[in-house]
Amino acid sequence: MIATINTVSDLVNNFLNYISYFKQTCKNYTNFDDELLTELDGFEQNRGVVFMAATNRPDLMDPALLRPGRIDKLIRIDAPDKKGRLAIFKVHTKKVNIDNNVLLEELVEKTNGFTGADIEGLIRSAALIALKESGMKPVPVTKKHFDKALELAKASITKKVEDAYDEIGRAHV
């Protein structure tokens, strides 16, 4: 699977091919890591190539990726704060019939560690619970529906994930 990389286009195409290959085989994560490390080591300085990556599983990152000359800059984007979560709730409840007894500020307090996707899923889950209880008739989503959805929901940003991000940051300094 090794390929010569001369341009950004080559990098993107080969990276997408690696992902496709990885998805098809899904047996050995190490092979994928090795391929990526080989490609990153092949770049010469000042070639005008920027490699960007993101992860929501920092606990699975190979420390070799963080060696000098491979990934030189880490940018951490934390889970949304209260203000951010409120904005996310407002965006995702715009087209949902929410009962007047639902206070978004209360939901914000109960969703620490939730990502935007987690909040969107919570709203969808509450709406589905409301539909199910009403016999599939459109009804307003109430506080009770959100409370049931919160019982089922989990925050993506757990203490374990936070610790893994902290460890990566310490290792990269």
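**View 1. Helix α5 passes helix α6 in a right-handed crossing.** In this predicted model, the two helices α5 and α6 pack with their axes 8 Å apart and at an angle of about 120°. Angles over 145 degrees would count as roughly antiparallel and those from 65 to 115 as roughly perpendicular, and α5 and α6 are therefore oblique to each other. On the α5 side, the contact is made by L122, I123, S125, A126, I129, A130 and E133, while α6 contributes K144, H145, F146, K148, A149 and L150.

**View 2. Helix α5, residues 116–133, is shown along its length.** The helix has 18 residues and, from its first C-alpha to its last, reaches 26 Å, which is close to the 26 Å expected at 1.5 Å a residue. Its buried residues are D118, I119, L122, I123, A126, I129 and A130. When α5 is seen down its axis, these buried residues fall within an arc of 140°, so they line one face of the helix. A117, L128 and K132, by contrast, are exposed and lie on the other side of α5.

**View 3. The buried residues of α5 are shown with elements that cover them.** What covers these residues includes α3, formed by residues 82–93, and α6, formed by residues 143–152. Of the buried residues of α5, which include D118 and I119, several also take part in the contact with α6, among them L122, I123, A126, I129 and A130.

**View 4. Positive phi values are found at G135 and M136, after helix α5.** G135, just after α5, takes a positive phi of about 70°. Phi of M136 is likewise positive, near 70°, here in a residue other than glycine. M136 is found in the loop between α5 and α6, and with a relative accessible area of 60% this residue is exposed.

**View 5. The protein chain as a whole gives the setting for the close-up views and contains seven helices and zero strands.** From the N terminus on, its elements run α-α-α-α-α-α-α. The protein chain has 173 residues, of which 28% count as buried. Among contacts in the protein chain between residues at least 6 apart in sequence, 66% join residues that are at least 24 apart.

Key
Residues numbered from 1 in each chain as written. Predicted model: local features only at pLDDT ≥ 70, side-chain atom pairs only at ≥ 80, totals over all residues. Heavy atoms only, no water. Helix = DSSP H or I, 4+ residues; strand = E, 2+ residues; numbered from the N terminus. Expected span 1.5 Å × (residues − 1). Buried < 20%, exposed > 50% of the residue type's maximum accessible area, 1.4 Å probe, protein only. Arc of directions from axis to C-beta. Contact = heavy atoms within 4.5 Å. Axes fitted to C-alpha atoms, helices over the stretch in contact; angles between N-to-C directions. Parallel < 35°, antiparallel > 145°, perpendicular 65-115°, else oblique. Left-handed = near helix turned anticlockwise from the far one by under 90°.
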